[in-house]
Amino acid sequence: MKWSNLLIPTVKEVPADAEVPSHQLMIRAGLMRKLSSGTYTYLPLGWRTLLKIMGIVREEMNAAGAQEILMPSVQPMELWQQTGRDVAYGETMCRFKDRHGRMNVLAPTAEEVVTYVAAGEINSYKQLPVNLYQISFKFRDEFRPRFGVLRSREFIMKDAYSFNADPASLEVSYRQMYDAYCRIFKRCGLDYVIVEAESGEMGGSGSHQFTVPCDSGEDIIVHTEDGTYAANIEKAGVDPLPKQPSVAHVPPMEEIHTPHLGSIEAVCEFLQSRPEQMIKTLIFSQGENVVVAVLRGDHELNPEKLTQALGGKAAELADEATIRRISGAAVGFAGPMGMAEKVSHLLIDHAVAAMAVGIAGANKTDYHVKNVVPGRDFPLEGQKVRVLDIRNAVEGDRHQGKKLVFKHGIEVGQVFKLGTKYSSKLGAKFLDESGAEQVCLMGCYGIGINRIMASAIEIRNDNDGIIWPISIAPFEVLVTSVNQDDEEVARTAEAIYQELCRQNMDVLFDDRRLRGGVKFKDADLIGIPIRITVGKRGVTEGKVEIKLRRHENSETATIDEAVARVKELIGQLYAEING
Ligand code: ATP
Ligand code: MG
């Protein structure tokens, strides 16, 4: 294709609202334009890259035995009510009422719909296993769309769903998808890590997340220094801290007046103490139940771990009335003392149990207590009391004795074993060999197509622009004529362009009548991996320049050799990626 016929609106200025390199470069290189918060129009270059990514995903899914289908974007709310996710998905779900008063959902994902399909069509073990996938738009009304297409409100997802007769078969499907994901991300030129993940919203057990480490990633991944354990922060388990040496003769608890000081920071400043000396008491509601979680002041509660501790049923921070009823005080003054008698679960983080002495809320408005000794002033065992891991890992923590390190990353895909969470509620059943009715086991497997594109840019760019991996570059080769007004240059460039096309290479010809400097700047910005430069002097000598975007230096080739050399380079670049 010729640049002069394409809409490639490159811009010099960094857009004001673009915080991360991929967002800035996707706008500057003319790949896309913003329509509204979290929605984007893909222009020719951007869409070509997305099509290439979808092509790779499709090839690998088909090779792994999955079958492509397409499900509607508009889904009836009733299906979501049957699984209870109408509530669980919350505000992130885009809903609308149709003209007949029926509630609909704009697909944020498709477990419900695919399970409905399976419930209707699968009835015998002979039809299993089956793996159905689609590549389609998904809609999520994200609380804060940001970082361009990394967190948008409308995006393209590949979602696959396996239906299996037994756990061994689910394991096979899960592995097939896991392996296919490894090939997909490798073929897209991404350096990724695989971490254990919490199955979260999806329910069930067993999940891995594919993450591209980079500074702008919103996910935090945690691994041991030797790499034998890796998990995301939601999942990463931490060893109990060593018990602090006990302090001889801690005096009895003593109330301190802390007027209006309801936050850890405020109390610390007032008492000249450190957050790690504080004991924080969080009150949750889980339906009718009240749950109290006790953490060290400097630690953060891990909601996934809390949910797991409560048997998979999420708890929400209690409302003010409940907090007042349970603690007898205003928000910010709860303490663990006397709680075991009042609540359904008293969950105490290991780190609190390891404290020798601390400061807690007094269960009395405007008061804290000091000299609180875990085990003496509140129980560490009992019917409703458990000491366990309910916090996020922090620097210095260990997992099975090994030190943990932390990295930011972008989640590009995730695989889950779902078990019967959806199939049991939506009636996806089959008759087994003995004629007995069984519920299908399920797995689900998602990839963010747009996130692959943005992550590839995040990890490979420089001050001048994008450095695409060849497999997902909008074009493989760029032919740049330095003086398009010169007849011989134009003719030579055109001939090389035509020959590259004839040999099935994916070529963009920058035939614009612009200064060489402008064309080179644009070439670097859009990041096509191989560039052939056809200039006046070279042409007189029968030569052209060939340059890889990622290298500083170029090489010279005769006009006759140029096409063969480019072909060879393309082969090398693919071989590097595909290994
Ligand atoms: P996150 O935790 O980042 O919100 P998620 O775990 O909710 O993502 P999944 O439901 O697992 O996402 O969706 C599958 C894939 O879809 C993700 O791995 C991610 O690559 C992509 N994805 C999810 N939400 C978005 C979004 N708002 N914008 C772009 N891609 C997204
Ligand atoms: Mg996920």
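The exercises below work through strands, sheets, a ligand shell and an aromatic pair in a predicted model.

Residues count from 1 along each chain as its sequence is written, chains are lettered from A and ligands numbered from 1 in the order in which they are written. Local features need pLDDT of at least 70, side-chain atom pairs count only at pLDDT 80 or more, and totals for chains, interfaces and linings use all residues, while side-chain values use heavy atoms, with hydrogens and water left out.

**Exercise 1. Describe the hairpin of β1 and β2.**

Step 1. Strands are DSSP runs of E with at least two residues, helices are runs of H or I with at least four, and both are numbered from the N terminus. Two strands pair if DSSP finds at least two bridges between them.

Step 2. β1 covers residues 32-36 and β2 residues 39-42; 4 bridges join them in the antiparallel sense. One of the pairings sets K34 against Y40 in β2.

Step 3. Between the strands lie 2 residues, and G38 has a positive phi near 75°.

**Exercise 2. Work out the strand order and the edges of the sheet that contains β6.**

Step 1. The order is β4-β6-β5, an open sheet of 3 strands with antiparallel pairing.

Step 2. β4 (74-76) and β5 (94-97) are the edge strands, each pairing on one side only.

Step 3. From one strand to the next the twist averages 35°; axes are lines fitted to C-alpha atoms (for helices over the stretch in contact), and angles run from 0 to 180 degrees between N-to-C directions.

Step 4. β5 is held to β6 (residues 103-106) by 4 bridges, and C94 has L106 as its bridge partner in β6.

**Exercise 3. Do the same for the open sheet of 5 strands.**

Step 1. The strands follow the order β29-β28-β30-β31-β32, and the pairing is mixed.

Step 2. The edges are β29 (507-510) and β32 (554-558), each with pairing on one side only.

Step 3. Neighbouring strands are turned by 25° against each other on average, direction ignored.

Step 4. A parallel pair in this model is β28 (residues 477-481) with β30 (residues 530-534), joined by 5 bridges. T480 stands opposite T533 in β30.

**Exercise 4. Characterise the surroundings of ligand 1.**

Step 1. A residue is near a molecule or strand if one of its heavy atoms lies within 4 Å of it. Of the 14 residues around ligand 1, R140, E142, R151, S152 and E411 come nearest.

Step 2. By class the shell has 5 nonpolar, 4 polar and 5 charged residues. Here Ala, Val, Leu, Ile, Met, Phe, Trp, Tyr, Cys and Pro count as nonpolar, Asp, Glu, Lys and Arg as charged, and the others, Gly among them, as polar.

Step 3. The largest share, 4 residues, is contributed by β22.

Step 4. An oxygen atom of the ligand lies 2.9 Å from a side-chain N or O atom of R140. For R451 the corresponding distance is 2.9 Å, and a polar side-chain atom of E411 is 2.7 Å from a ligand oxygen.

Step 5. The elements giving two or more residues to the shell are β8 (154-164) and β22 (402-419).

**Exercise 5. Classify the ring pair of Y181 and F185.**

Step 1. Rings of Phe, Tyr and Trp (its six-membered ring) pair if their centres lie within 6.5 Å; planes under 30 degrees apart are stacked, over 60 edge-to-face, and the rest tilted. The count by this rule is 9 aromatic pairs.

Step 2. For Y181 and F185 the centres are 5.9 Å apart and the planes at 85°, an edge-to-face pair.

Step 3. Both residues lie in helix α6 (residues 167-187), 4 residues apart, about one turn of the helix.

How values were computed:
Polar contact = N/O pair within 3.5 Å; in protein donor to acceptor, adjacent residues only side chain to side chain.
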